[in-house]
Amino acid sequence: MTTSIFVSRPTSGDVVDLILEDHRLFEDLLRECRRTDRDRSASRQALAELLVAHAEAEETHVYPKLRRRDAITDHEAEHGEEEHADITEALLEFLEAKGTDTQKYDDALEKLSSVVAHHSVEEELTILNPARTEVSADVRAELGRQWALARNRLLDAGCASVAQVRALLEQAVVEGALAPAEAREQAEEITGAAKERAEEVLEEAKDG
Ligand SMILES: [Fe+2]
Ligand SMILES: [Fe+2]
């Protein structure tokens, strides 16, 4: 059974409000993906399409315009794009999990949930807050219209098949928003070993 989940397509509004509304929708869809009494395939695909469309529209219409108006720095815009690439990487792993009732599905979902939550927090703190105070309501409305149009077009066209997400990931490496696969794997091994060691230290301290 595959149902399709309809994601609303607002066409106007303050860009900050529209983006926040999608951040809430990410959480709702991630939760749907966790439930066993739901069509997980449909939720997973709806989440994937929304994550890609949302971020692409931010990179095309929101980050560059806030940058030009000096509301955010180059570093903040670039960091946002790097986090989008981290989401793309975690999303590809989630989409590539075969079936929806496997440990791989659960692990990939847990990883994606934490990467998405991390980015929402940072974007709200470092990009949406200055957007609220540094640009006028008129500009925010204009950005809202442009962002929504781009987002909705991508949703209507379909933007998150496995092939499309894989191509986005390759593009992120070419653009320098993401390290090549070999370096990412190496970093993951280092992080894993450090985490294990840290856990040992904490366990020993609790026992002692
Ligand atoms: Fe966002
Ligand atoms: Fe974002």
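Angles over 145 degrees between helix directions count as roughly antiparallel. In this predicted model, helix H1 (residues 15–34) and helix H2 (residues 40–68) pack at an angle of about 155°, and H1 and H2 are therefore roughly antiparallel to each other.

**Helix packing**

Two packed helices are described by the angle between their axes and the distance between the axes. The table sets out these quantities for two pairs.

| Helix pair | Angle between axes | Distance between axes |
|---|---|---|
| H1 and H2 | about 155° | 9 Å |
| H3 and H6 | about 150° | 9 Å |

The crossing of H1 and H2 is left-handed. On the H1 side, the contact is made by Val-15, Asp-22, Leu-25, Phe-26, Leu-29, Leu-30, Glu-32 and Cys-33. H2 contributes Arg-40, Ser-43, Arg-44, Ala-46, Leu-47, Leu-50, Leu-51, His-54 and Val-62. By class, the residues of this H1 and H2 contact comprise 11 nonpolar, two polar and four charged.

For the second pair, the angle of about 150° is over the 145-degree limit, and H3 and H6 are therefore roughly antiparallel to each other. Their crossing is left-handed. From H3, the residues in the contact are Ala-85, Thr-88, Glu-89, Leu-91, Leu-92, Leu-95 and Glu-96. Those from H6 are Val-162, Val-165, Arg-166, Leu-168, Leu-169 and Ala-172. Nine nonpolar residues, one polar residue and three charged residues make up the contact of H3 with H6.

**The nonpolar core**

The largest nonpolar core holds 38 residues. Within this core, Leu-51, Val-52 and Leu-91 have the most contacts. At least two core residues come from each of H1, H2, helix H3 (74–96), helix H4 (103–134), helix H5 (137–157) and helix H6 (162–174). H2 gives the most to this core, namely 12 residues.

Two of the residues named above also belong to helix contacts: Leu-51 is part of the contact between H1 and H2, and Leu-91 is part of the contact between H3 and H6. When neighbours within four places in sequence are left aside, Leu-91 is in contact with Ala-48, Leu-51, Leu-112 and Val-165.

Ala-48, one of these partners of Leu-91, is found in helix H2. With 24 other C-beta atoms within 10 Å, Ala-48 is buried, because 20 or more such atoms suffice for that class. Residues up to four places away in sequence not being counted, Ala-48 touches Leu-91, Leu-95, Ala-160 and Val-165. Although Ala-48 and Leu-91 are 43 residues apart in sequence, their C-alpha atoms are 6.9 Å apart in space. Val-165 is thus listed as a contact of Leu-91 and of Ala-48.

**Exposed positions**

Asp-156 and Asp-70 are considered next. Asp-156 has its place in helix H5. Only 11 other C-beta atoms lie within 10 Å of Asp-156, which is therefore exposed, the limit for that class being 12 or fewer. Between the C-alpha atoms of Asp-156 and Leu-47 the separation is 14 Å; along the chain these residues are 109 residues apart.

Asp-70 lies in the loop between H2 and H3. Asp-70 is likewise exposed, with 10 other C-beta atoms within 10 Å. Most residues other than glycine have a negative phi. Phi of Asp-70, by contrast, is near 60°, a positive value in a residue other than glycine.

Notes
Residues are numbered from 1 along each chain as its sequence is written. Chains are lettered from A and ligands numbered from 1 in the order in which they are written. This is a predicted model: local features need pLDDT of at least 70, side-chain atom pairs count only at pLDDT 80 or more; totals for chains, interfaces and linings use all residues. Axes are lines fitted to C-alpha atoms, for helices over the stretch in contact, and angles run from 0 to 180 degrees between N-to-C directions. Helices (H or I, at least four residues) and strands (E, at least two) are DSSP runs, numbered from the N terminus. Angles under 35 degrees count as roughly parallel, over 145 as roughly antiparallel, 65 to 115 as roughly perpendicular and the rest as oblique. A crossing is left-handed if the near helix is turned anticlockwise from the far one by less than a right angle, and right-handed if clockwise. Two residues are in contact if their C-beta atoms, placed from the backbone, lie within 7 Å. Ala, Val, Leu, Ile, Met, Phe, Trp, Tyr, Cys and Pro count as nonpolar, Asp, Glu, Lys and Arg as charged, and the others, Gly among them, as polar. A nonpolar core is a set of buried Ala, Val, Leu, Ile, Met, Phe, Trp, Tyr and Cys residues joined through C-beta atoms within 7 Å.
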